[in-house]
Amino acid sequence: MTLTTDDTLGTNDLLVTLCTSVTRVLSMATNSQVQYSAVVQRIKKTYLKPDIGCFVLFDGGFSGLVIINLSADAAMELYRSYLLNMGLSKDDLANSHTADEVSNVMGELMNQVVGDFTGKVRREMQTHITQNQPKMLVLNKQVQLSVDANLDNPEARRVTFYTAGGNIFYLELAVDSTEFIKLHDFDASEEIDPDAIMAQTNQATANANRPAAGTGDDDETAALLKSLGM
């Protein structure tokens, strides 16, 4: 079998998958548009940077590190948009990015992002990775962070993201240089949406409990036709 470039997935493909998870989860959670740059930086070291840094380690089929660095303005915009979209009032929200509630919410969103990413890796690359609990840190200086794993040939990338309000944050990914080579064709398993399943179930239940329209008239018509031998 002669493999083509379409049969091989590498670090940049992993990065695109991760970026898609970030934009998908954050856009849905905040009900606003989050985008990322089409240009990526190749970097040699990964850092946690002010004002809020978040990191997650993953391991399994491959090992790596994901970091998201947010300015105070970007963190507060995402935090406020998420909780307002959840139905909270402005009076209930924290006023500073240093509040524990902001770190907790951003940690929850980061957990959803990486969970979405690991699900895509399982479906599209047919391998399994696990993650640790995201760690959120309020920082006033940058801290170099390396992957606590045995990486033979680490690669690192940095991507710029933009919030709907024009604030900027950065994602950094460090993984071992690797390739996924497709041996034969397969169909990626369909993603299960629990909310859609619940909505379909509720609709089916409602339809089943709803009385059929015109049942009495149909019965009378059938009886009349029967009496006429038809």
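**Note on the predicted model**

1. The protein chain has a mean pLDDT of 82, and 76% of its residues reach 70 or more. The structure is a predicted model, and the points below should be read in that light.

2. Confidence varies along the chain. Among its elements, strand β2 has the highest mean pLDDT, 97, whereas helix α4 (residues 194-209) has the lowest, 49. At the start of the chain, residues 1-5 stay under 50 in pLDDT. For this stretch the model has six contacts beyond four places in sequence.

3. Helix α1 covers residues 11-30 and offers a simple check of geometry. At 1.5 Å a residue, its 20 residues should span 28 Å; the end C-alpha atoms are 28 Å apart, so expectation and model agree. Just after this helix, Asn31 takes a positive phi of about 55 degrees.

4. How do helices α2 and α3 pack, and at what angle? Helix α2 (residues 72-85) meets helix α3 (residues 100-124) at about 80 degrees, and their axes lie 10 Å apart. Angles of 65 to 115 degrees count as roughly perpendicular, and the two helices are therefore described as roughly perpendicular to each other.

5. The contact between these helices can be followed residue by residue. From α2 come Ala75, Met76, Leu78, Tyr79, Tyr82 and Leu83. From α3 come Glu101, Val102, Val105, Met106, Glu108, Leu109 and Gln112. Sorted by class, the contact has 10 nonpolar residues, one polar residue and two charged residues.

6. Strand β10 (residues 154-162) pairs with strand β2 (residues 35-36), to which two bridges join it in an antiparallel arrangement. In this pairing, Gln35 stands opposite Tyr162 of β10. Strand β3 (residues 41-43) also pairs with β10 in the antiparallel sense, over three bridges. Here Gln41 stands opposite Arg158 of β10.

7. Which strand pairs with β10 over nine bridges? The partner is strand β11 (residues 168-176), and the sense is again antiparallel. Within this pair, Thr160 stands opposite Tyr170 of β11. Strands β10 and β11 form a hairpin with five residues between the strands, and in this hairpin Gly166 takes a positive phi near 85 degrees.

8. One general point may help in viewing the strands. In a regular strand, side chains alternate between the two faces of the sheet.

Terms used. Residues are numbered from 1 along each chain as its sequence is written. Side-chain values use heavy atoms; hydrogens and water are left out. Two strands pair if DSSP finds at least two bridges between them. Helices (H or I, at least four residues) and strands (E, at least two) are DSSP runs, numbered from the N terminus. Axes are lines fitted to C-alpha atoms, for helices over the stretch in contact, and angles run from 0 to 180 degrees between N-to-C directions. Angles under 35 degrees count as roughly parallel, over 145 as roughly antiparallel, 65 to 115 as roughly perpendicular and the rest as oblique. Contact means heavy atoms within 4.5 Å. Ala, Val, Leu, Ile, Met, Phe, Trp, Tyr, Cys and Pro count as nonpolar, Asp, Glu, Lys and Arg as charged, and the others, Gly among them, as polar. The expected span of a helix is 1.5 Å times one less than its number of residues. pLDDT is the predictor's confidence in each residue, from 0 to 100.
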